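Subject: The structure for you to look at

Hi there,

Here is the structure I promised to pass on to you. Please open it next to this email and follow along as you read.

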Amino acid sequence: MKLLHIDSSILGSDSISRQLSQAVVEQWINAYPNVEVIYRDLNEQPPRHLSAEILQAGILQPSQLNSLQRKEAALSKQFIEEFLSANVLVLGAPMYNFSIPSQLKAWVDRVLVRGLTFKYTEQGPVGLAGNKSVIIASSRGNIYAESSANYTQDHQETYLKTILNFVGITDITVIRAEGLNINSAVREQALLSAQFHINQLTKNAA
Ligand SMILES: Cc1cc2nc3c(=O)[nH]c(=O)nc-3n(C[C@H](O)[C@H](O)[C@H](O)COP(=O)(O)O)c2cc1C
């Protein structure tokens, strides 16, 4: 079993999404000791934003590539291989300005590639990366849960679900700590609730 662990918070050791994603991975390793973990820190090593030059690297012949395109094509290939080969993806994804960190968006732009992770057909788009489970470790300062008045402002979890569904992934679990910046009582309760749900994740492990 392969587990791809991705973090995207800019807040280093103060990050809550990193704390949650790490706890998820530890839970997984305890339940499945043979799991192979691949780790990507998109803040430590941020992918370049997608550009026309990088996009063209995916369609030109290797001999036509300049040195930047060669380097970036190799990175895109590695991201896609890691993503496609993972059985489990653990995604540390905080809410920044109602959406995801731009570092994570830069990764998404490398991984959603027509012909590799999805295709268009006359019957509509078809995802090519379906057979995996995804656990999103979501952190946010305010409250945007489905039942809250702010729900329509959530372009973080809803966006991630949209792109994951688009590539064929339907097995998505969100571990959420929200209301973190409201006050210490709400924050403490949010962290306890997230940890409770992490503990439930592998309860059916053989
Ligand atoms: C740049 C930035 C933008 C943020 N934007 C929002 C926001 O739009 N809505 C919100 O509820 N919280 C927002 N927050 C608060 C974070 O979601 C919250 O601090 C969360 O714990 C961040 O996750 P992290 O600790 O893993 O980085 C923002 C924080 C930062 C640093």
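Below is what was found in it, going from the whole chain down to single residues.

Please keep in mind from the start that this is a predicted model.

**The whole chain**

Let's begin with the overall build. The protein chain has six helices and seven strands. If you walk along the sequence, these elements come in the order β-α-β-α-α-β-α-β-β-β-α-β-α. The C-alpha trace spans about 60 × 40 × 40 Å along its principal axes.

How does the radius of gyration of the protein chain fit with a compact globule? A compact globule of 206 residues would have a radius of gyration near 17 Å, and the protein chain has 18 Å, which agrees. Of the 206 residues, 32% count as buried. The contacts also reach far along the sequence: among those between residues at least 6 apart, 75% join residues at least 24 apart.

**The core**

Next, the inside. In soluble globular proteins, nonpolar side chains tend to be buried together. Here the largest nonpolar core has 33 residues. Those with the most contacts inside this core are V24, V90, L91, A137 and I175.

A137 is a good one to click on. Apart from its neighbours within four places in sequence, A137 is in contact with S17, L20, S21, V24, V90, L91, G92, A93 and I175.

**Around the ligand**

Now find the ligand. There are 17 residues around it, and S9, S17, P94, G141 and N142 come nearest. Which helix gives the most to this shell? That is helix 1, with three residues. Helix 1 (16-31) and strand 6 (133-140) each supply at least two residues of the shell. By type, the shell around the ligand divides into seven nonpolar residues, eight polar ones and two charged ones.

**Helix 4 and its partners**

Helix 4 (residues 102-111) makes a nice exercise. Its buried residues are Q103, L104, W107 and R110. They cover an arc of only 115° around the axis, so they sit on the same side of helix 4. What do these buried residues pack against? Their partners are helix 3 (67-85) and strand 3 (88-94).

You can see a link of this kind from the other end by looking at S76, which is in helix 3. S76 is buried, with 22 other C-beta atoms within 10 Å. Leaving aside neighbours within four places in sequence, S76 is in contact with G58 and R110. The C-alpha atoms of S76 and I54 are separated by 9.2 Å, and these two residues are 22 apart along the chain.

V111 is also in helix 4. Is V111 buried or exposed? It falls in between: V111 is partly exposed, with 18 other C-beta atoms within 10 Å. Beyond the neighbours within four places in sequence, V111 is in contact with F79, I80, F83 and T117. V111 and S133 are 22 residues apart in sequence, and their C-alpha atoms are 16 Å apart in space. Try setting that pair beside S76 and I54, which are also 22 residues apart along the chain, with 9.2 Å between their C-alpha atoms.

**Two residues in a loop**

Before helix 4 comes a loop worth a look. N97 is in the loop between strand 3 and helix 4, and F98 lies in the loop between strand 3 and helix 4 too. Phi of N97 is near 50°, a positive value in a residue other than glycine. F98 has a positive phi as well, of about 70°, although it is not a glycine. As for their surroundings, N97 is exposed, with 9 other C-beta atoms within 10 Å, whereas F98 is partly exposed, with 14.

**A buried charged residue**

Last, go to E178, in strand 7 (residues 171-178). Charged residues include Glu, and E178 counts as buried, with 25 C-beta neighbours inside 10 Å. Which residues is E178 in contact with, leaving aside its neighbours within four places in sequence? They are R140, I143, Y144, A145 and A190. For a sense of distance, the C-alpha atoms of E178 and Q56 are separated by 39 Å, with their places 122 residues apart along the chain.

Enjoy exploring the structure!

Best wishes

Methods. Residues numbered from 1 in each chain as written. Predicted model: local features only at pLDDT ≥ 70, side-chain atom pairs only at ≥ 80, totals over all residues. Buried ≥ 20, exposed ≤ 12 C-beta atoms within 10 Å, placed from the backbone. Helix = DSSP H or I, 4+ residues; strand = E, 2+ residues; numbered from the N terminus. Arc of directions from axis to C-beta. Contact = placed C-beta atoms within 7 Å. Near = placed C-beta within 6 Å. Core = buried A, V, L, I, M, F, W, Y, C linked by C-beta atoms within 7 Å. Rg over C-alpha atoms; globule rule 2.2 N^0.38 Å.
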